[in-house]
Amino acid sequence: MMFELKSRLPTEPQGKPVVYQVFTRLFGNKNSTNKPWGTIEENGVGKFSDFTNIALQGIKELGTTHIWYTGVPHHDVIRDYTAYGISNDDPDVVKGRAGSPYAVKDYYSVNPDLADDPAKRLAEFEALIERTHNNGMQVIIDIVPNHVARNYQSLAKPEGVSDFGEHDDTSVEYAKNNNFYYVVGEDFAVPDALNVYQPLGGEPHPLADNKFIERPAKWTGNGSRKAKPHFNDWYETVKVNYGVKPDGSYDFAQLPEEYMQLDVQAHAAFWADKKVPDSWKKFRDITHYWLDKGVDGFRYDMAEMVPAEFWSYLNSSIKIKNPQAFLLAEVYNPDLYRHYIQLGKMDYLYDKVGFYDTLKAVMQDKTSATQLHDIQSAIADIEQHMLHFLENHDEQRIASDDFAGKVGGAEMGKPALVVSALISRSPTLLYFAQDVGEDGSEDMGFGDPTRTSIFDYAGVPAHQRWMNEGKFDGGQLTLGEKALRDFYLKVMNISAYHPAMLGEYVPIELTNPDKTIAFIRHADEHTLLVVSHFSVDNSVTISVPLPENILQNTTNQEGLELLTGDKYPLIKQQNLGFIKLNLAPMQSVIIQL
């Protein structure tokens, strides 16, 4: 049975999930001024309304099943919205002018920057949810359980809901039902700046006075217990208390080991009669609120900084409410992967420390490509839960000088995409503008170049060329950028729809392996041979051996290369078989057998 690359209908069945992460306030911004520390008026900002049906179809073309709208919950931002009843935020405890999306100020509302009419911001987001669904995709938003903004205050909370910290006993460092930890008897002090940093780049502001009133001081988001945190601490946030005492012991029931093998119904039943910390209930109510609004899942920031028992409690409640909810967590410690998947009931975790970090090293010629086989073998029992990515808001753009820009540039992302998207049953995450080779080189203020800023108002140049003044047709892309996007469309179409993607992974040993990797993906009568060559300068000629069971299951005399349409003969000698390849620098082949 042959697989064809083609346009897909929004309702067409799909295999592997594809998550498209978009930094919401940057996506639709047509302004190209890019003044460091620029205001909305100077640099512009994207809106919910910029995600038109045409834009959404451009996202869907990449095989996308879920759009992760990053930066939607109302976070601190240096802009005057007092006309809408919103208090001003203090630049001394806000990173950047546009603010960090991970310093959430109001979990029951959305960022007013993103609305055409800030008074109707929630309705505008609900309309975007509906448009996304109508275009055949689901919606993910951030939940940041470990910390909230120092000035958390919800204007939109439902009746009967209290704010974080509203009922805390601030006379003690810790209490089970306190939402925060306190530095008793000490006031918060703004950290001393490093590297001549000044809020807003030194622009005068009424609240930029090196002061922020917080009595008593709270622990900082990354766990600092000092009333005056270090500048490198997450000083714009405060840590949420989940019933973990200052000595690290737990003030809640712990799940027996056998619950790692039990389903969400058993987990929900376990917690049904338990008294849990107040913060657990608050986040349950928040996630259920958004599920009721039509949100289909969540990306959990720094999930490993929160106990797995809380995730069991929360995720089992979510899955009972919506069994199809998509739950993605940021966990970086490989020793904890199974703990958070099996005990915490996560659907997917970032495969960063293993797969991404190794793949980056391969791209930078620091390790052998065959190391990726070892990574896959180490997580064979959970590989379908380990989300793959090449870029996200925390990582460098591939085309940046510090990553691959001085060697292969965005082209180096091509063999990496093939391997990342096709080697396992795991979902693939794409970051907006990755498919057109954005290099993230703009120095916008707080954010560092090489990563598209998440703290500043900015335009994203390569993405803006694809956006083409809102036509979303790639009309301003260079020939190289158009070719790169076309490559992404082809590979992601295979990743999302080819039946072999849901089947077995079979590593293949090569005689010249340092810069080349090969593997089989196989399900029933569907077989793909995937080979990627990472050398920037050198071509290679190799004979790729085919496993005996693959040879026995195919009567084809040649294989079809899905990216180019070329055909490759299968060379058979007795019980052995192989395909001979001549690979150019940074070339990949995906051969359907």
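Are Gly297 and Arg299 on one side of strand 10, and Phe298 and Tyr300 on the other, buried or exposed? Keep in mind that this is a predicted model, and select residues 297-300, which make up strand 10. Gly297, Arg299, Phe298 and Tyr300 are all buried, and both faces of the strand are covered.

**Either side of strand 10**

Next, add residues 138-143 to the selection. This is strand 5, which runs parallel to strand 10 and is joined to it by four bridges. To find the register, show Ile141 and Phe298: Ile141 stands opposite Phe298 of strand 10.

Now select residues 326-329, strand 11. Strand 10 pairs with strand 11 too, again in the parallel sense and over four bridges. Here the residues to show are Arg299 and Leu328, since Leu328 in strand 11 is the bridge partner of Arg299. To follow the chain from strand 10 to strand 11, add helix 7, residues 308-321. The chain passes through this helix on the way, and the β-α-β crossover is right-handed.

**The sheet 18-22-21**

Move on to residues 540-545 (strand 18) and 571-573 (strand 21), together with residues 576-583 (strand 22). These three strands form an open sheet in the order 18-22-21, with antiparallel pairing. Strands 18 and 21 are the edges; each has a single partner strand, so one side of each lacks a neighbour in the sheet. On average, neighbouring strands of this sheet are turned by 25 degrees against each other, direction ignored.

Finish on the pairing of strand 18 with strand 22, which is antiparallel and spans six bridges. Show Ile542 and Leu581 here: Ile542 stands opposite Leu581 of strand 22.

Methods. Residues numbered from 1 in each chain as written. Predicted model: local features only at pLDDT ≥ 70, side-chain atom pairs only at ≥ 80, totals over all residues. Heavy atoms only, no water. Buried < 20%, exposed > 50% of the residue type's maximum accessible area, 1.4 Å probe, protein only. Helix = DSSP H or I, 4+ residues; strand = E, 2+ residues; numbered from the N terminus. Pairing = 2+ DSSP bridges. Right-handed = clockwise from strand over helix to strand, strands pointing away. Axes fitted to C-alpha atoms, helices over the stretch in contact; angles between N-to-C directions.
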